[in-house]
Amino acid sequence: MSWETQGKTAVNTQQNAEGNYALRKKAMLARIKEVQENNKSYLCLGIWGEPKSAKSATAMDILTEEDIKNGMHVLIFDFDNRAIDVKRNHYNNIENIIVYNPIVRKDESLVDFDETMDNARAFYALAKEYLADDKLKAVIVDGADKLLTDVCETYMRNKHKMDADTVIKQPPYVWGDRNTPYKNFLHKQILEMPCHRIVIAHSKDKYGGTPNPIGVEANWHSTTEDIFTATIRMKRDLRKNGAEYTATVEASAKMPQLIGKRRKVLSINDGTVEWIGFPEIKAGEI
C-alpha cells in the first residue's frame, strides 16, 4: 500500500468516526431530552398498603372527566384480579378504563408462566398502540406482588423442579430466576413508557433478623421502589359506624413538601360514602 493510499484511508476512517459521533450525539441528546421530559411530565408512582385500603381506586382516579371527553384511556394490568371490581362498582364500568388480568393457571393451580407473560406482553403492545395514538393517560400494574411472588416465582420453581408447596431452601442465586423476568417486564418495559405509570402492591411483614415481624413493608421487589419518583402508603381505619381511608406520602421527588402528609381519600359514615380522592394524583403532580 502506498503512502498516498494510506493517507486517504486514514482520512476516510477519521471522517467515518466523526460522522458516527455526530449521529450518536444527536441520538444521545434526543434521548436525554426525552427522559428529562418524561421525569418532569409523568408520574412514576408506587402505591402500597393492606388489602381493601382503596389502593386501586386511588390509582384509577388519575382519569379525569376532561380525559374522558378527550378519549384518553387508562390500561390496567390486573394481576391482583381486583381492579375489575373497582372499575365495575365505582367507575360505572367506563370504557376508558381497560382492565385485563393476564394470568393463566394450569390444572394444578400453578401459573402457566409462558401463557401469562405472552398475555402481559400483548396487553403491553396494546398500551403502546394507545400511546402512539396519543390516547394513553396512564398504565397501572395492579398487583406487582402477584407478578413477583406468583407469576415469576412459578418460573423459578419450574426451572428448579420445585412444586407449589416446596419450602424454598435454595442458594441465593436461584432467586435471580424469579427476579429477572419480573424486572425485565416491569422495570425495563412498563416503567420506561412515556406516560403516567402507577404500580400497586400489598403490604407484607417486615423482619429484622428476628422470628417476629417488626413492621410492614411493600411487597414489590426492593429495587422497584428505587425507580419510583413518589410512593404512597394506604391505610384503612375501621370505626363503629364506618371507616376512614387515608394516604400518606412517603416520598415525592417533585413535591417533597408533601412527604409525611396524610390525606383522607375516602370516608364511610353511617352508610354515607364520601370520595375525596388525592388531588395531586388526579393532576399528575406528585
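Tyr 245 touches Lys 52, Ser 53, Ala 54, Lys 235, Arg 236, Arg 263, Lys 264, Val 265, Leu 266 and Ile 268, leaving out residues up to four places away in sequence. Contact here means heavy atoms within 4.5 Å. The model is predicted: local features need pLDDT of at least 70, side-chain atom pairs count only at pLDDT 80 or more, and totals for chains, interfaces and linings use all residues. Residues are numbered from 1 along each chain as its sequence is written, and side-chain values use heavy atoms, with hydrogens and water left out.

Tyr 245 lies in strand 8 (residues 242-252). Strands (E, at least two residues) and helices (H or I, at least four) are DSSP runs, numbered from the N terminus. Tyr 245 has a relative accessible area of 10%, so it is buried. Buried means under 20% relative accessible area, exposed over 50%, and partly exposed in between, with a 1.4 Å probe and protein chains only. Tyr 245 and Val 265 are 20 residues apart in sequence, yet 5.8 Å apart in space, C-alpha to C-alpha.

Val 265 is also a contact of Thr 58. Beyond neighbours within four places in sequence, Thr 58 meets Ile 47, Met 234, Trp 275, Phe 278 and Ile 281 as well. Thr 58 belongs to helix 2 (residues 55-60). Its relative accessible area is 0%, so Thr 58 is buried. The Thr 58 side chain reaches the backbone oxygen of Ala 54 at 2.6 Å.

Ile 47 leads to strand 1 (residues 44-49), where 6 of the 6 residues are buried. Both faces are covered. Cys 44, Gly 46 and Trp 48 lie on one side, with Leu 45, Ile 47 and Gly 49 on the other. Strand 1 runs parallel to its two partners tabulated here. Strands pair if DSSP finds at least two bridges between them.

| Partner of strand 1 | Bridges | Bridge partner of Leu 45 |
|---|---|---|
| Strand 5 (residues 196-206) | 6 bridges | Ile 198 |
| Strand 7 (residues 230-239) | 5 bridges | Ala 230 |

The surface offers another picture. Met 28, Leu 29 and Ile 32 form a nonpolar patch there, with about 260 Å² of accessible area together. Such patches join nonpolar side chains (Val, Leu, Ile, Met, Phe, Trp, Tyr) within 5 Å, from residues with over 30% relative accessible area and no salt bridge. A salt bridge is a side-chain nitrogen of Lys or Arg within 4 Å of a carboxyl oxygen of Asp or Glu. Areas come from the Shrake-Rupley method with a 1.4 Å probe. Leu 29 sits in helix 1 (residues 3-41). Leu 29 counts as partly exposed because its relative accessibility is 46%.

Technical notes
Patch = residues over 30% accessible without salt bridge, like charges linked within 9 Å, V, L, I, M, F, W, Y side chains within 5 Å. Polar contact = N/O pair within 3.5 Å; in protein donor to acceptor, adjacent residues only side chain to side chain.
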